[in-house]
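User: Hi! Could you walk me through this one? I'd like to start with the overall fold and then look at a sheet.

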Amino acid sequence: MEAFATWGLVGSAAPNGWDGPDAKFRPDFSHDGVWILDNVVLKTGEIKFRFNDKWDLNYGDKGADGTLEAGTDNIPVTAGTYAVILDLSNASKLTYKLSKK
């Protein structure tokens, strides 16, 4: 077995808080660069996306427009169950979508 590099969701709203371990995304094998996290229960608070449970590479959303920027503002969320799509397929426009279920 090989270790698998993955994206995660972390933050005060995340299941395991800021210290993790992160809620893990799974790759969408039909769409290269797209990652999915389904049925994640979040609290009211903030989230960020980071790579391999480390802060070396993390994304927030400056301006709350659905576009990701490296190392910027946390993303505010309200409590609920969410589907989250992290779309890194276009390097010039990284995006995410939070859908409350």
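Analyst: Happy to; we'll go from the whole chain to one of its sheets. Keep in mind that this is a predicted model.

User: Sure. How many helices and strands does the chain have?

Analyst: The chain has zero helices and ten strands. Read from the N terminus, the elements run β-β-β-β-β-β-β-β-β-β. The radius of gyration is 13 Å, close to the 13 Å from the globule rule for 101 residues, so the chain is as compact as a globular protein of that length.

User: And what box do the C-alpha atoms fill?

Analyst: Roughly 35 × 30 × 30 Å along the principal axes. Of the 101 residues, 44% count as buried.

User: Nice. What about contacts across the sequence?

Analyst: Taking contacts between residues at least 6 apart in sequence, 58% join residues at least 24 apart.

User: OK, on to the sheet. What's the strand order in the open one with four strands?

Analyst: The order is S3-S4-S9-S10, and the pairing is antiparallel.

User: Which strands stand at the edges?

Analyst: Those are S3 (26-27) and S10 (95-100); each has a single partner strand, so one side of each is left without a neighbour in the sheet.

User: How many bridges link S9 and S10?

Analyst: Six, in the antiparallel sense, with S9 covering residues 80-87. Within this part of the sheet, Asp-87 stands opposite Thr-95 in S10.

User: Last topic: how many positive and negative side chains?

Analyst: There are 11 positive and 14 negative ones, and the centres of the two sets lie 5 Å apart. As for the surface, the chain exposes about 5800 Å², with carbon and sulfur atoms supplying 53% of it.

Terms used: Residues numbered from 1 in each chain as written. Predicted model: local features only at pLDDT ≥ 70, side-chain atom pairs only at ≥ 80, totals over all residues. Heavy atoms only, no water. Helix = DSSP H or I, 4+ residues; strand = E, 2+ residues; numbered from the N terminus. Rg over C-alpha atoms; globule rule 2.2 N^0.38 Å. Buried < 20%, exposed > 50% of the residue type's maximum accessible area, 1.4 Å probe, protein only. Contact = heavy atoms within 4.5 Å. Areas by Shrake-Rupley, 256 points an atom, 1.4 Å probe, with all protein chains shown as cover. Lys, Arg positive; Asp, Glu negative; His and termini not counted. Charge placed at Lys NZ, Arg CZ, Asp CG, Glu CD. Pairing = 2+ DSSP bridges.
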